[in-house]
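Here is a short, friendly tour of how one protein chain is put together. Have the sequence and the 3D view open as you read, and follow along from helix to helix.

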Amino acid sequence: GIGRAVCAALGAAGCRVVAVDLPGADLDGVGDARHAFDVRCWLDWQRLAEAEPEAAILVNNAGLTVHAALEDMTVEDIDRVLDTNLKGLTYGCRAFLPALRSQDEGHIVNLSSLAALVGIPSQSTYCASKWGVRGLSASLRLELSGSGVGVTAVLPGTTATGFLEGATSRGQATTGTLARLMRSHGTPPALVAKRIVR
């Protein structure tokens, strides 16, 4: 939801938009160009950076969660959340830094979350990943000071998307209820996208 809205908002602002998602994802009508790959794969990031050498803005938005207590998560659950939300985002920053530095000015936007400020039960790995994104962004901003490349971490609260509807749930009777509440009472993705573009 947020990614699609950001693509639309950047397109409306006059940007050439390159949309990225997993193979098989529906990207019809999203962006000016589309690439299918897994953000957890460094080689995919390298290929994308080579294919888009004039990138001036990178928005790292890929993210997922597993709604479960840590002790109920599998090792695969843990790896999937941390590798997608933190490691994949870190790969994206690393892969595109040469292109961003070559522009008159460049910018990285990393999607963190209000979960980077508080602990949330049944969201331990999600919170850990988003705290990591916040810390990475703050450090990267200092590293790039004076380079012409800016870094922004965005910390949206509950957003009206299918984020939790599509999440793996392990023994959480509240998952469906929380997903419906997110969808009906969350901030519209278009508003989050508008703030990101601003």
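What percentage of the 198 residues in the protein chain is buried? The answer is 40%. Please keep in mind that this is a predicted model. The chain holds six helices and seven strands, and the bullets below look at how several of those helices pack.

**Overall layout**

- Going along the sequence, helices and strands follow the pattern α-β-β-α-β-β-α-β-α-β-β-α-α.
- Of the contacts with a separation of 6 or more, 64% link residues that are 24 or more positions apart.

**H3 against H4**

- Helix H3 covers residues 75–102, and helix H4 covers residues 124–143.
- Their axes come within 8 Å of each other and cross at roughly 15 degrees. Because that angle is under 35 degrees, H3 counts as roughly parallel to H4.
- The crossing of H3 past H4 is right-handed.
- On the H3 side, the contact is made by Ile78, Val81, Leu82, Asn85, Leu86, Leu89, Thr90, Cys93 and Leu97. Their partners in H4 are Thr125, Tyr126, Ala128, Ser129, Lys130, Gly132, Val133, Leu136 and Leu140.
- Sorted by class, this contact of H3 with H4 comprises 12 nonpolar, five polar and one charged residues.

**H4 on its own**

- H4 has 20 residues and spans 28 Å from its first C-alpha to its last, close to the 28 Å expected at 1.5 Å a residue.
- Which residues of H4 are buried? They are Thr125, Tyr126, Cys127, Ser129, Lys130, Val133, Ser137 and Leu140.
- The cover over these buried residues includes helix H3, strand E5 (106–111) and strand E6 (149–154).

**H2 against H3**

- Helix H2 (residues 42–51) also packs on H3: the two axes come within 9 Å and cross at roughly 35 degrees.
- H2 passes H3 in a right-handed crossing.
- From H2, the residues in the contact are Trp42, Trp45, Leu48 and Ala49. H3 contributes Gly88, Tyr91, Gly92, Arg94, Ala95 and Phe96.
- The residues of this contact of H2 with H3 split into seven nonpolar, two polar and one charged.

**H1 against H6**

- Helix H1 (residues 2–12) and helix H6 (residues 189–197) have axes 8 Å apart and pack at an angle of about 50 degrees. That angle makes H1 oblique to H6.
- Here too the crossing is right-handed, with H1 passing H6.
- H1 brings Ile2, Ala5, Val6, Ala9 and Leu10 to the contact, where they meet Pro189, Ala190, Val192, Ala193, Ile196 and Val197 of H6.
- By class, the contact of H1 with H6 has 11 nonpolar residues, with no polar and no charged ones.

**A closer look at arginine 101**

- Arginine 101 sits in helix H3.
- Is arginine 101 buried or exposed, or partly exposed? Its relative accessibility is 45%, so arginine 101 counts as partly exposed.
- Leaving aside residues up to four places away in sequence, arginine 101 touches Leu144, Ser147 and Val149.
- Alanine 55 lies 46 residues from arginine 101 along the chain, and their C-alpha atoms are separated by 9.7 Å.

Definitions and conventions: Residues numbered from 1 in each chain as written. Predicted model: local features only at pLDDT ≥ 70, side-chain atom pairs only at ≥ 80, totals over all residues. Heavy atoms only, no water. Axes fitted to C-alpha atoms, helices over the stretch in contact; angles between N-to-C directions. Helix = DSSP H or I, 4+ residues; strand = E, 2+ residues; numbered from the N terminus. Parallel < 35°, antiparallel > 145°, perpendicular 65-115°, else oblique. Left-handed = near helix turned anticlockwise from the far one by under 90°. Contact = heavy atoms within 4.5 Å. Nonpolar A, V, L, I, M, F, W, Y, C, P; charged D, E, K, R; others polar. Expected span 1.5 Å × (residues − 1). Buried < 20%, exposed > 50% of the residue type's maximum accessible area, 1.4 Å probe, protein only.
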